[in-house]
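Open the model in your viewer and keep the selection panel at hand. Each stop below says what to select and what is there.

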2 protein chains.
Amino acid sequence: MSETKETILAVARSRAQAHGYLGLNFRDLAKDVGIKGASIHYYFPTKADLGAALAKRYREDSVAGLEKLWADTQDPVACLKAYPGVFRKALADGNRMCLCGHMAAEYDDLPDAVKVEVKGFADDHVKWLTKVLIAGEPGVNKAAARQRARAIYAAVSGAQLLARSRADLKVYDETIEACRNVGLFATSCPKE
Amino acid sequence: MSETKETILAVARSRAQAHGYLGLNFRDLAKDVGIKGASIHYYFPTKADLGAALAKRYREDSVAGLEKLWADTQDPVACLKAYPGVFRKALADGNRMCLCGHMAAEYDDLPDAVKVEVKGFADDHVKWLTKVLIAGEPGVNKAAARQRARAIYAAVSGAQLLARSRADLKVYDETIEACRNVGLFATSCPKE
DNA sequence: ACCTGAACACCGTTCAAGT
DNA sequence: ACCTGAACACCGTTCAAGT
């Protein structure tokens, strides 16, 4: 893949994390890349193509990061402890959001190819969390672990949304801490 | 307030819950109201004015609903049990979102007057939840209760975001149930 | 008071032309 | 292969002017 195409994806990712898919526009994007708006179309025929490539790449990178975390530690407790840090990064970088979290809010206005990736991103995270939870408590009911994984994903996404509207990283940290205190990141999965 | 203005606010609320502030547009809005796009400006000079009025009204209505719930039940357990239902309503109504949750994602692109209301909405919810939690466990540390309130608000917001991207109300219900199983909606506030 | 036409700015997109 | 200016159709926004 050409260097320019990579640059477009990198700049677009950063911009989309701040402004979403709707707030992303070719002319501003091109200015940051150092080319003209029309030139973007040489690499991505339509905005839908760019959006889908963006979400797909973001999803792949995110999954790779999670798998690396698991491979490096092989420790469910360490993975669950580190997980909220993944979303923290975006907030620390100019009060941005997880790209797919942002796009989830815009869901109704997303091209189908982008919807697929946004949905897939959440699926991948829930699957990874489920795997980690089961590794932490081998005998656990799989459905219960998956539900717990969803709760973790939801809490982290919501904490991010809350912290963003306060533009305050401390709010994120404290909210995550409160979730931790309630036992959300523990490896045991209670079922009524 | 004139009837037309009320109609504009009602239609705009519904549309903004689906498409956000950025996705809200005067012509489509006006068509639903039965006037021309330019006529909206007679009531709301700018989109920022409409957005602020919208968020303010939404916030007021939401707080009134919460206060009524508390006044009617006077029961912390019942209030915490009913709380997720508030956000469920929007999803059940055409996979919409809480207006201020949607706007929280768009925060960077919001006019200041709208930001104030979006922030205030989250504050109001956290305050109400804190009050309910303290009523449920009178001796609790107030800071701990507030952090717990934030965790609840975050989890519910995130569950909404997740369910929206799956366009599946069942995902919302199951995620909330998982949060319940972990004890997030209990009236006791554990602090390590 | 209430509403509108028309101008304006901006968008994604196309395409012929340039390097 | 890569990039651009100009043009296009569309749309949100604004404002002076209409009733």
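The tour starts with the two protein chains, then visits each DNA strand.

**Before you start**

This is a predicted model: local features need pLDDT of at least 70, side-chain atom pairs count only at pLDDT 80 or more, and totals for chains, interfaces and linings use all residues. Residues are numbered from 1 along each chain as its sequence is written, chains are lettered from A and ligands numbered from 1 in the order in which they are written, and side-chain values use heavy atoms, with hydrogens and water left out.

**Stop 1: chains A and B**

Select both protein chains. A rotation of 180° with 0.0 Å of shift along its axis puts chain A on chain B, at an RMSD of 0.1 Å (least squares on the C-alpha atoms of residues with pLDDT of at least 70 in both copies). The two copies are thus related as by a two-fold rotation axis.

**Stop 2: the interface of A and B**

Now select the residues in contact (heavy atoms within 4.5 Å). There are 47 in chain A, touching 47 in chain B. Of the interface residues of chain A, 100% are also interface residues in chain B, so the copies meet through the same surface. The area buried between the chains is about 3,800 Å², and carbon and sulfur atoms give 60% of that area. Buried area is the accessible area (1.4 Å probe) that two parts lose on being put together, summed over both.

How many salt bridges are there between chain A and chain B? The count is 6 (a side-chain nitrogen of Lys or Arg within 4 Å of a carboxyl oxygen of Asp or Glu). For one of them, pick Asp123(B) and Arg166(A): their side chains meet at 2.8 Å, N to O.

Polar contacts across this interface join 16 residue pairs, both residues at pLDDT 80 or more. A polar contact is a pair of N or O atoms within 3.5 Å; within protein, one must be able to donate a hydrogen and the other to accept it, and residues adjacent in sequence count only if both atoms are side-chain atoms.

Color chain A by helix (DSSP runs of H or I, at least four residues, numbered from the N terminus). The elements giving two or more residues to its side of the interface are α1 (3-19), α6 (99-105), α7 (112-136), α8 (142-166) and α9 (169-181). The largest share, 16 residues, comes from α8(A).

**Stop 3: DNA strand D**

Select the residues near strand D (a heavy atom within 4 Å of it). Of these 16, Lys36(A), Ser39(A), Tyr43(A), Arg27(B) and His41(B) come nearest. Sugar and phosphate make up 60% of the strand D atoms within 4 Å of the protein.

Which element gives the most to the surface near strand D? It is α3(A), with 4 residues.

Next, show the phosphate oxygens of strand D. One is 2.7 Å from a polar backbone atom of Lys36(A). Asn25(B) has a side-chain N or O atom 3.0 Å from a phosphate oxygen. For Thr4(A), a polar side-chain atom lies 3.5 Å from a phosphate oxygen.

**Stop 4: DNA strand C**

Switch to strand C. Here 15 residues are around the strand, and Lys47(A), Ala38(B), Ser39(B), Tyr42(B) and Tyr43(B) come nearest. Sugar or phosphate holds 55% of the strand C atoms within 4 Å of the protein, and bases hold the rest.

Zoom in on Tyr43(B): a side-chain N or O atom is 2.6 Å from a phosphate oxygen of strand C. At Tyr42(B), a polar side-chain atom lies 3.3 Å from a phosphate oxygen. End at Lys47(A), where a backbone N or O atom lies 2.7 Å from a phosphate oxygen.
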